Amino acid sequence: MEKIALVTGSSRGIGRAIAALLARSGWAVCINYRVRRDCAEDLAAQLTAEGCRVMVCQADVSDHAAVAAMVHRVEETFGPVSLLVNNAGIAGQALFQDVTDQMWHRYFAVNVDGAFHCTQAVLPHMLHEHEGCIINISSIWGLRGASCEVTYSTTKHALIGLTRSLAAELGPSHIRVNCVAPGVIKTDMLDALPPEALPQLAEDTPLGRLGTPEDIAYAIAFLADEKASFITGQVLTSDGGFLL
Ligand code: NAP
């Protein structure tokens with residue numbers, strides 16, 4: 001199978017670093033965004049100028065039909081997707097008693113249904129080829145409870161369940177499914193936190209710093225590589241030791 005990757009939510013943050021690293025490593029990459037077309041196109045222009053093969057595609061991952069259309073476009077442009085990175089996600093803080101139905105369902109729609117939609121859309125070709133790699137982005141809050149982030153944490157736990165169950169089901173078809181659980185990574189997602197929280201989070205991290213999007217991209221590149229071909233159903237935590 002050709003090296004063709006779809007990275008959801010790759011206009012900004014962690015997804016952007018993953019798309020850039022994969023593209024620079026020889027993958028043809030679809031850069032997906034929901035609203036920030038400017039960021040997606042800026043990344044595509046940079047990578048294209050470097051000789052990389054990339055395309056940009058808008059789709060809200062919570063929309064099954066939009067995801068199917070995006071995957072169809074990737075297949076027409078590059079060919080069947082051989083690496084799917086389910087990265088698009090939303091986060092926010094609220095006391096559990098203040099969580100509305102709308103918030104609860106939106107978080108699940110993007111963080112969990114999004115991975116479901118994208119995975120179902122790329123699977124037919126992976127099953128046909130008897131090959132493929134799917135990587136879900138969970139979080140340290142998918143491994144541990146998070147006060148004031150119950151909704152987010154619940155969706156991230158769900159992604160780990162999805163990873164393990166799918167890995168068991170798809171192993172016989174030689175499709176690997178793994179998960180990366182990032183610690184605190186310096187992206188726009190942290191903008192919701194009070195500024196004084198960031199030095200404290202760095203201090204709470206044994207390695208003494210916040211993670212960078214590139215730290216997570218390297219973990220993805222490792223799991224996607226042929227050298228990781230005996231690894232499936234695993235959660236690779238990249239958190240500077242935060243959970244120790
Ligand atoms: P970010 O900086 O807020 O970027 C989010 C990305 O996801 C953007 O590209 C955004 O697109 C896209 N996106 C959001 N909703 C989408 C939707 N419905 N459909 C398609 N794309 C959508 O976030 P990040 O920090 O890079 O986080 C990326 C992933 O890592 C998330 O799953 C997050 O939960 C996880 N994570 C982050 C941290 C952290 O500390 N940052 C820690 C653990 C796990 P637009 O640009 O178009 O808005």
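The ligand in this predicted model sits in the largest pocket, a pocket being, on a 1 Å grid over the protein atoms alone, an open set of points with protein on both sides within 12 Å along at least five of seven lines, and a molecule sitting in it if more than half of its atoms lie within 2 Å of its grid points. Local features need pLDDT of at least 70 and side-chain atom pairs 80 or more, while totals for linings use all residues. Residues are numbered from 1 along each chain, and side-chain values use heavy atoms, without hydrogens and water.

Around the ligand there are 33 residues (a heavy atom within 4 Å), of which Ser11, Val35, Asn87, Tyr152 and Thr187 come nearest. By class this shell has 15 nonpolar, 11 polar and seven charged residues, where Ala, Val, Leu, Ile, Met, Phe, Trp, Tyr, Cys and Pro count as nonpolar, Asp, Glu, Lys and Arg as charged, and the others, Gly among them, as polar.

Among the polar contacts (N or O atoms within 3.5 Å), a polar side-chain atom of Ser11 lies 2.6 Å from a ligand oxygen, a polar backbone atom of Ile185 is 2.8 Å from an oxygen atom of the ligand, and a backbone N or O atom of Val61 lies 3.0 Å from a ligand nitrogen. Of the 910 Å² that the ligand exposes when taken alone, the protein buries 95% (Shrake-Rupley method, 1.4 Å probe).

Turning to enclosed space, the largest cavity (points where a 1.4 Å probe fits but cannot get out) has a volume of about 60 Å³. Its lining comprises 13 residues (an atom within 4 Å of a point), with Asn86, Asn87, Ala88, Asn111 and Ala115 closest to the centre.

How values were computed:
A polar contact is a pair of N or O atoms within 3.5 Å; within protein, one must be able to donate a hydrogen and the other to accept it, and residues adjacent in sequence count only if both atoms are side-chain atoms. Grid points are joined across faces, edges and corners, and a volume is the space filled by probe spheres set on the points.
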